[in-house]
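This report describes the strand arrangement of one chain and then turns to a few of its residues. Please look over the sequence and the structure before reading on.

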Amino acid sequence: LSMQDIKTGTANGWGLTNFVGNAAEFVMKGGSPTVRGGAFADSLSTCSIDLARGSNGAADPHTGFRLSRDLD
């Protein structure tokens, strides 16, 4: 298993490609870190924004984060 090129795939409504499947992403839910989206080690059929795992916020080889900001 290996990561896919960032330019692979079709963009969603926000212009993001590969938003599930390469690396799961840390998100905050209710003040606690959660991991969402699935990673390259997960079956592609299970990778979706609904895939969630608990997390203590520690680094691991399958989880990353995405920075975003509003553009005015």
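## The sheet

Four strands make up an open sheet of mixed pairing, and their order across the sheet is E3-E2-E1-E4. Strand E3 (52-54) and strand E4 (63-64) lie at the edges, and because each has a single partner strand, one side of each is left without a neighbour in the sheet. The model is a predicted one, and the chain has zero helices alongside its four strands, so that the elements read β-β-β-β from the N terminus on.

In general, the strands of a sheet pair through backbone hydrogen bonds, in either a parallel or an antiparallel way.

## Pairing of the strands

Strand E1 (residues 24-29) and strand E2 (residues 32-36) are paired in the antiparallel sense, with five bridges between them. These two strands form a hairpin with two residues between them, and within this hairpin Gly30 adopts a positive phi near 65°.

E2 and E3 also run antiparallel, and three bridges join them. Arg36 can be followed across both pairings: Glu25 stands opposite Arg36 of E2, while Ala52 is the bridge partner of Arg36 in E3.

## Surface and contacts of the chain

The chain has 72 residues, of which 19% count as buried. About 5500 Å² of the chain is exposed, and carbon and sulfur atoms supply 56% of that area. Among the contacts with a separation of 6 or more, 30% are accounted for by residues 24 or more positions apart.

## Ala24 in strand E1

Is Ala24, a residue of strand E1, buried or exposed? Ala24 is buried, because its relative accessible area is 1%, and the cut-off for a buried residue is under 20%.

Once neighbours within four places in sequence are left aside, Ala24 is in contact with Val35, Arg36, Gly38, Ala39, His62, Thr63 and Gly64. One of these residues, Gly64, is 40 residues apart from Ala24 along the chain, yet the C-alpha atoms of Ala24 and Gly64 are separated by 6.1 Å.

## Thr34 in strand E2

Thr34 belongs to strand E2, and with a relative accessible area of 13% this threonine, Thr34, is counted as buried. Which residues does Thr34 touch, not counting those up to four places away in sequence? Thr34 touches Glu25, Phe26, Val27 and Lys29, and also Ala52, Arg53 and Ser55. Among these residues, Glu25 is the one that stands opposite Arg36 in E2, and Ala52 is the bridge partner of Arg36 in E3.

## Thr63 in strand E4

Thr63 has its place in strand E4, one of the strands at the edges of the sheet. Despite that position, Thr63 is buried, with a relative accessible area of 17%. The side chain of Thr63 makes a polar contact, at 2.9 Å, with the side chain of Asp60.

Not counting residues up to four places away in sequence, Thr63 touches Ala24, Glu25, Phe26 and Val35. Ala24 and Val35 also appear together in the contacts described above, where Ala24 is in contact with Val35 as well as with Thr63.

Note on methods
Residues numbered from 1 in each chain as written. Predicted model: local features only at pLDDT ≥ 70, side-chain atom pairs only at ≥ 80, totals over all residues. Heavy atoms only, no water. Buried < 20%, exposed > 50% of the residue type's maximum accessible area, 1.4 Å probe, protein only. Contact = heavy atoms within 4.5 Å. Areas by Shrake-Rupley, 256 points an atom, 1.4 Å probe, with all protein chains shown as cover. Pairing = 2+ DSSP bridges. Polar contact = N/O pair within 3.5 Å; in protein donor to acceptor, adjacent residues only side chain to side chain.
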